[in-house]
Amino acid sequence: MPEIKDKNRRDFIRDIFVAVPAAALLGCPSAVAKQENNSTNTASQTDNHTLLYFKNEEWKFILSACDCLIPYDEHGPGALETNVPIFIDRQLFGYFGHAATWYMEGPFDPSAAPDRGYQLPLTPQQVYRLGIEETNKHCQATYSKIFAVLNKAQQIEVLQGLEDKKITSDRLPLSTFFSFLLQNTKEGYFADPIHGGNQGMQSWKMIGYPGARASYLEWVEKYNTHYPLGPVSIQGKTS
């Protein structure tokens, strides 16, 4: 598993926003350290969120998994601080979760090449529900505990096993579930706050992204120059 502790967080986050294996994301600080260092961050709303799609046990899984995929550290906020789990819950409750705009009539060929598109008869809602259930079954069989109460090293091992197809299920390809989870976590971290994640535009501030600021044109070709203005959301909110 690659080490990320010596890498500049801005460069690291920029890399994962484009595309990387999950192994590069997995490195979770302790909860105690997070609380000690997070006093200046916007308080997460995940504790008081009214669930739209997830059940309570599923929600605990999502909180733990997102925390592993994008952890808080001294350079910037993690998935929990930016309400990424809320983003995922909202997305699954809406059009995405129901695959409302996808062609879902089949025939389906799970062995088809990636350029053939999504090849399962399951909606994202169903992929998440089955994926969490099957992953928890693996955790119970392996550790006698569900995923959410495993220690961080064990959680990382499980997520790595999902990605590498070492943990399998007859009910669905668990690597597909992991791909959804990883992609949606990145989307929630960087999307406009109107969608539920990126609370306070914290990830945008960290990488110097201006958001929907209309006056950014004059800065486009100013390379390696610090952008002095904060980001603006679609709703016109400033940092």
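Biologist: What makes two rings count among the aromatic pairs in this structure?

Modeller: Rings of Phe, Tyr and Trp (its six-membered ring) pair if their centres lie within 6.5 Å, and a search of the whole structure finds 13 aromatic pairs. This is a predicted model, where local features need pLDDT of at least 70, side-chain atom pairs count only at pLDDT 80 or more, and totals for chains, interfaces and linings use all residues. Residues are numbered from 1 along each chain, and side-chain values use heavy atoms, leaving out hydrogens and water.

Biologist: Why is the pair of Phe 61 and Phe 177 called tilted?

Modeller: Planes under 30 degrees apart count as stacked, over 60 as edge-to-face and the rest as tilted. The planes of Phe 61 and Phe 177 stand at 45 degrees, with ring centres 5.9 Å apart, so the pair is tilted. Both Phe 61 and Phe 177 are buried (under 20% relative accessible area; exposed is over 50%, partly exposed in between, with a 1.4 Å probe and protein chains only).

Biologist: Why are helix 3 and helix 8 called roughly perpendicular?

Modeller: Happy to explain! The axes of helix 3 (residues 56–69) and helix 8 (residues 174–190) cross at roughly 70 degrees and come within 10 Å. Angles of 65 to 115 degrees count as roughly perpendicular, under 35 as roughly parallel, over 145 as roughly antiparallel and the rest as oblique, so these two helices are roughly perpendicular to each other.

Biologist: Which classes of residue make up the contact of helix 3 with helix 8?

Modeller: That contact has nine nonpolar residues, one polar and no charged.

Key
Axes fitted to C-alpha atoms, helices over the stretch in contact; angles between N-to-C directions. Helix = DSSP H or I, 4+ residues; strand = E, 2+ residues; numbered from the N terminus. Nonpolar A, V, L, I, M, F, W, Y, C, P; charged D, E, K, R; others polar.
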